[in-house]
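Visitor: I am new to this structure. Please take me through one part of it closely, the open sheet and what surrounds it.

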Amino acid sequence: MADTQGKVITCKAAVAWGPKEPLVIQEICVDPPQKLEVRVKILYTSICHTDLGAWSGVNEAERAFPRILGHEAVGVVESVGEGVKDVKEGDYVIPAFNGECGECRVCTQEESNLCERYKVDPMKRLMVSDGGRRFSTTTNKDGGSCESQRIYHFLNTSTFTEYTVLDSACVVKIDPNAPLKQMSLLSCGVSTGVGAAWNTAKVKEGKTTAVFGLGSVGLAVAEGARARGASRIIGVDANASKFEKGKLMGVTDFINPKDSTKPVHEMIQELTGGGVDYSFECTGNVDVLREAFLSTHVGWGSTVLVGIYMTPRTLPLHPMELFDGRTIIGSIFGGFKPKSQLPDFAQQCMKGVVKLEPFITNELPFAEINDAFQLLRDGKSLRCILQIAK
């Protein structure tokens with residue numbers, strides 16, 4: 001890869017040109033990394049509901065087109081910019097949409113993983129160092145030649161491309177012997193879910209949990225609770241097909257809200273003799289959030305918000321409801337500090353503490369990325385892995 005260092009690379013990328021428009025596989029130009037940046041050759045990438053939301057343009061304030069989406073991936077460092085010391089050419093890495101500079105007030109404290117400079121920001125679409133973009137077109141979306149047009153970045157990452165440029169704070173070095181396909185899952189979904197159980201809720205052995213929403217993140221919460229020895233893991237989802245997969249992740253009981261006229265929180269209270277110790281809301285639905293909160297035990301129950309909330313509606317709670325000892329807290333990226341903690345988490349996954357393989361339900365070539373999007377939209381996929389390079 002040394003012959004490409006310092007040069008513009010021409011490669012294939014899946015470009016989003018507008019809300020809900022099919023992604024276009026086309027040639028783009030990728031600039032060399034600038035100061036404190038890293039250029040990475042993407043090997044595998046997968047698709048998350050956050051990609052789907054940005055592509056759909058649900059939140060108008062977040063819209064930016066043309067754009068290269070994607071934030072779950074694994075790759076190899078092609079070259080580094082000035083000042084990058086912790087990774088080098090040839091290192092295997094995963095991107096982290098929630099970065100860690102290691103120097104700011106937040107990064108030097110244990111209490112938070114929201115780096116002051118590189119924390120996740122859905123509005124961000126440019127590089128930090130100069131406010132520029134490292135991607136540009138070589139053709140228009142219909143294949144004809146055109147004047148070069150700059151392409152926006154996404155979530156500090158942009159992984160739907162053969163090569164991408166990231167801030168070095170958003171690149172995490174991993175063991176080169178790690179199973180690379182599976183490692184891509186640590187960029188978002190699995191880390192977000194498992195971390196919510198381990199770092200945010202701090203689930204203890206023998207305790208009870210309820211997980212609302214059994215998509216990839218919800219199932220990762222269940223897997224994290226299982227690994228910590230939770231005695232009971234109640235899965236709640238309106239899609240009964242999720243239940244078989246849930247069993248593999250340690251879910252012990254299932255509730256389908258469609259099967260009863262009784263509120264879910266009442267069923268959980270009956271099952272557990274008063275409520276669970278921890279509940280996790282993974283759907284981004286405020287009505288479900290209320291059920292999750294009420295499903296916890298009075299006196300010590302803890303509810304963790306994991307889902308992404310697009311609605312302008314506020315918390316469906318009366319302040320007095322917090323006087324009974326129950327708490328509610330949000331969790332971003334599972335509370336993991338990426339550069340400090342993900343390498344160790346990856347090692348635990350390699351040892352089987354957390355099972356990654358069941359999360360991969362589909363594999364497709366990069367050229368079929370729109371089919372992968374449709375699988376996720378139809379609820380037929382947890383994670384579809386796209387192989388971009390060998």
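Guide: Here is a walk through the sheet, the helices on it, and the loops around it.

This is a predicted model, in which local features need pLDDT of at least 70 and side-chain atom pairs count only at pLDDT 80 or more, while totals for chains, interfaces and linings use all residues. Residues are numbered from 1 along each chain as its sequence is written, and side-chain values use heavy atoms, with hydrogens and water left out.

Start with the sheet. Six strands make it up, and it is open. Their order is 12-11-10-13-14-15, with parallel pairing. Strands are DSSP runs of E, at least two residues long, and helices are runs of H or I, at least four; both are numbered from the N terminus. Two strands pair if DSSP finds at least two bridges between them.

Now the edges. Strand 12 (253–255) and strand 15 (327–330) each have a single partner strand, so one side of each lacks a neighbour in the sheet. Neighbouring strands are turned by 20° against each other on average, direction ignored. For such angles, axes are lines fitted to C-alpha atoms, for helices over the stretch in contact; the angles run from 0 to 180 degrees between N-to-C directions.

Look at the strand 15 edge. Strand 14 (residues 302–305) pairs with strand 15 in the parallel sense, over four bridges. There, valine 304 stands opposite isoleucine 329 of strand 15.

Two helices lie across these strands. Helix 6 (residues 264–272) crosses strand 10 (208–212), strand 11 (232–236) and strand 12. Helix 6 runs at about 160° to strand 11. Helix 7 (residues 286–294) lies across strand 10, strand 13 (278–281), strand 14 and strand 15. Its angle to strand 13 is about 175°. Contact here means heavy atoms within 4.5 Å.

Next, the loops. Isoleucine 308 sits in the loop between strand 14 and strand 15. Isoleucine 308 counts as exposed because its relative accessibility is 54%. The cut-offs are these: buried is under 20% relative accessible area, exposed is over 50%, and partly exposed is in between (1.4 Å probe, protein chains only).

Ile308 also belongs to a nonpolar surface patch with Val58 and Met310. Together they have about 290 Å² of accessible area. Areas come from the Shrake-Rupley method with a 1.4 Å probe; for residues, only the protein chains shown count as cover. Patch residues have over 30% relative accessible area and no salt bridge; like charges are joined within 9 Å, and nonpolar side chains (Val, Leu, Ile, Met, Phe, Trp, Tyr) within 5 Å. A salt bridge is a side-chain nitrogen of Lys or Arg within 4 Å of a carboxyl oxygen of Asp or Glu.

Past strand 15, the loop to helix 8 (338–350) holds phenylalanine 333. Phenylalanine 333 is not a glycine, yet has a positive phi of about 50°. Most residues other than glycine have a negative phi. Phenylalanine 333 counts as buried, because its relative accessibility is 2%.

Finally, go to the approach to strand 10. Lysine 202 lies in the loop between helix 3 (189–200) and strand 10. Lysine 202 also has a positive phi, about 55°, although it is not a glycine. Helix 3 itself has eleven of its twelve residues buried, so it is largely enclosed by the rest of the structure. Among the buried ones are Val190, Val194 and Trp198.
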